[in-house]
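Please open the model in your viewer and keep the sequence panel beside it, as each stop on this tour begins with a selection to make.

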Amino acid sequence: MQTQVAIIGGGPAGSACAIFLARLGISSVIIERDTFPRFHIGESLTGGSAELIREMGLEDQMASLGFPVKRGIWGHGPAGFTPFWVPIKVRETAASGLRESHAWQVRRSTFDEMLLRHARERGATVVRGTASTPLLSPDGRAVGVEVILPDQSTARIGSDVLVDASGQRTFFANAGLTGSKHRGRYSRQVAIYSHFTGAIRDTPQWGNILTFFKNKHYWSWFIPLDESRTSIGFVVPGDYYRSRGESKEDFIERELKEFNGNLAGRVADVTRVEEVRATSNYSYHVDDYTGNGWMCIGDAHRFVDPLFSFGLNIGMAEAREAARMIGGFLAGETRGTVRPFAAFERWSDRGLDRAQTMLDGFWETTFYFGMLVRKFEENFIDLFAGRLWDDDDYPAIIAMRERLAEHFAAD
Ligand SMILES: Cc1cc2nc3c(=O)[nH]c(=O)nc-3n(C[C@H](O)[C@H](O)[C@H](O)COP(=O)(O)OP(=O)(O)OC[C@H]3O[C@@H](n4cnc5c(N)ncnc54)[C@H](O)[C@@H]3O)c2cc1C
């Protein structure tokens with residue numbers, strides 16, 4: 001099989017990449033190891049994710065699938081009862097004002113299946129199988145990928161461009177195609193989560209995400225997924241989790257009662273309807289994640305931390321930018337160079353470094369972060385919405401970086 005672009009992974013980054021490529025008239029093959037629908041964590045969308053979904057022409061489908069409308073984020077401090085509110089707002093152009101908008105909460109099984117189906121409808125071929133080896137020409141250019149099919153036979157898919165969208169499995173990094181993979185600042189955190197029915201939501205706007213904070217690096221999410229089902233998760237330092245010596249099930253059950261008075265009041269009568277899952281080592285970054293005829297997008301090269309729900313936003317925004325750059329490459333713009341997608345790395349790093357600054361600022365200099373939110377309210381509305389690439393210099397980011405430099409120097 002031969003295609004212009006082979007994409008490893010049919011998660012949001014991979015499917016969105018195929019959809020944006022199709023808009024440019026570029027063919028693609030998505031290789032996906034799992035049978036969809038399948039469980040995946042990452043259920044709250046930012047305003048920026050919603051904008052990308054609208055751009056892909058999927059707003060009507062989001063409504064018809066009944067995903068809850070999210071108008072913003074409620075954050076609760078340790079006492080639990082003095083919440084702060086961050087609304088979702090859009091900015092039509094960089095110069096225009098902000099306007100109230102909304103995103104959605106999603107069950108990833110349904111959402112990812114919808115995106116993959118849409119990619120297929122737009123012309124992408126979906127191959128069920130596990131990518132096993134990137135194929136390189138003698139001069140080191142990526143020319144395709146070997147895939148293990150469900151019957152254990154192997155197939156070769158030839159391509160002009162090979163995209164790794166394999167998520168936390170970081171396929172190219174494991175295959176030694178990229179530079180080194182490093183632990184991120186939040187790699188010692190553990191997330192323990194499940195789905196519950198019977199949780200008490202706010203009314204009438206029951207679709208918003210609620211977050212609860214206890215101590216540094218110790219927080220919880222409450223995400224309504226439909227009329228009855230709520231995703232609840234705790235993100236805690238790994239040392240604390242291990243020190244409890246509890247099973248995942250016992251841990252989550254106890255935290256539900258003890259973590260925060262406001263949360264406890266909402267979950268007194270819940271029933272767990274999913275298995276309890278735990279994710280650790282989720283924070284990392286990969287060096288040199290583009291090369292001759294290949295690139296990584298989404299979690300395949302970097303994931304910072306789930307606190308601000310940037311994951312899908314970043315994956316889908318990178319998918320759009322990757323498609324644009326692949327279009328240029330196929331048109332001959334950067335062909336013949338050894339790093340034709342180097343500009344993609346610079347673009348991506350700019351946004352993800354801002355996400356990192358937001359996270360570091362929140363955890364390391366919490367009081368100052370709060371002061372900046374009041375001083376640069378519009379900057380923060382843009383940044384929380386996932387507009388990580390838009391402005392040349394967000395004053396809030398500059399100020400936070402200066403403060404963080406002092407903080408880390410004093411460490
Ligand atoms: C605890 C936690 C909570 C989170 N909460 C949020 C949130 O609220 N909002 C948010 O936006 N983000 C959240 N995230 C992040 C979000 O889950 C990810 O950023 C997002 O799923 C990344 O999308 P992706 O397409 O890059 O990877 P994925 O969604 O992981 O998709 C990768 C796909 O590649 C496939 N694959 C892997 N290897 C191969 C192979 N060799 N061959 C073929 N297929 C392969 C996998 O089966 C998978 O379907 C959270 C993350 C964590 C850890």
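Select Arg188 in this predicted model, and then add Pro237 and Gly238, which Arg188 touches once residues up to four places away in sequence are left out of account. Gly238 lies 50 residues from Arg188 along the chain, yet the C-alpha atoms of these two residues are separated by 5.5 Å. Arg188 itself sits in the loop between strand 13 (181-183) and strand 14 (189-197). Is Arg188 buried, exposed or partly exposed? It counts as partly exposed, because 15 other C-beta atoms lie within 10 Å, a number between the limits of 12 or fewer for exposed and 20 or more for buried.

Follow strand 14 onward to Pro204, which is found in the loop between strand 14 and strand 15 (209-215). The peptide bond that joins Thr203 and Pro204 is cis, with omega about -5°. A second selection of this kind is Phe36 with Pro37, where a cis peptide bond has an omega of about 0°; Pro37 belongs to the loop between strand 2 and helix 2.

Next, select two residues for their backbone torsions. Gln152 has a phi near 75°, which is a positive value in a residue other than glycine, and its place is in the loop between strand 11 (142-148) and strand 12 (154-164). Because Gln152 has 6 C-beta neighbours inside 10 Å, it counts as exposed. Ser309, likewise not a glycine, has a positive phi near 55°, and is found in the loop between strand 23 (302-303) and helix 9. Which of the opposite words, buried or exposed, applies to Ser309? With 24 C-beta neighbours inside 10 Å, Ser309 counts as buried.

From Ser309, move on to helix 9 and display the ligand together with the shell of residues around it. Of the 37 residues around the ligand, those that come nearest are Gly11, Gly42, Gly167, Gly298 and Gly311. Which helix gives the most to this shell? Helix 9 does, with 4 residues, and at least two residues each are supplied by helix 1 (12-23), strand 2 (28-32), strand 10 (130-136) and helix 9. If you colour the shell by residue class, you should find 14 nonpolar, 17 polar and 6 charged residues.

The remaining stops are helix pairs. Two packed helices are described by the angle between their axes and the distance between the axes.

Keep helix 9 (residues 311-330) selected and add helix 2 (residues 47-55), whose axis comes within 8 Å of the axis of helix 9 and crosses it at roughly 40°. That angle makes helix 2 oblique to helix 9. The crossing in which helix 2 passes helix 9 is left-handed. On the side of helix 2 the contact is made by Gly48, Ser49 and Leu52, and on the side of helix 9 by Leu312, Asn313, Met316, Ala317 and Arg320. Taken by class, this contact of helix 2 with helix 9 has 4 nonpolar, 3 polar and 1 charged residues.

Now replace helix 2 by helix 10 (residues 342-364), where the axes of helix 9 and helix 10 come within 10 Å and cross at roughly 165°. Helix 9 and helix 10 are therefore roughly antiparallel to each other, and their crossing is right-handed. To see the contact, select Ile314, Glu318, Glu321, Ala322 and Met325 in helix 9, which meet Ala343, Phe344, Trp347, Ser348, Gly351, Leu352 and Ala355 in helix 10. The residues of the contact of helix 9 with helix 10 comprise 8 nonpolar, 2 polar and 2 charged.

For the last stop, select helix 1 and helix 4 (residues 108-121), which pack at an angle of about 25° with their axes 8 Å apart. These two helices, helix 1 and helix 4, are therefore roughly parallel to each other, and the crossing of helix 1 and helix 4 is left-handed. Helix 1 contributes Pro12, Ser15, Ala16, Ala18 and Ile19 to the contact, while helix 4 contributes Asp112, Leu115, Leu116, His118 and Ala119. By class, the contact of helix 1 with helix 4 divides into 7 nonpolar, 2 polar and 1 charged residues.

Methods: Residues are numbered from 1 along each chain as its sequence is written. This is a predicted model: local features need pLDDT of at least 70, side-chain atom pairs count only at pLDDT 80 or more; totals for chains, interfaces and linings use all residues. Axes are lines fitted to C-alpha atoms, for helices over the stretch in contact, and angles run from 0 to 180 degrees between N-to-C directions. Angles under 35 degrees count as roughly parallel, over 145 as roughly antiparallel, 65 to 115 as roughly perpendicular and the rest as oblique. A crossing is left-handed if the near helix is turned anticlockwise from the far one by less than a right angle, and right-handed if clockwise. Two residues are in contact if their C-beta atoms, placed from the backbone, lie within 7 Å. Ala, Val, Leu, Ile, Met, Phe, Trp, Tyr, Cys and Pro count as nonpolar, Asp, Glu, Lys and Arg as charged, and the others, Gly among them, as polar. A residue is near a molecule or strand if its C-beta atom, placed from the backbone, lies within 6 Å of it.
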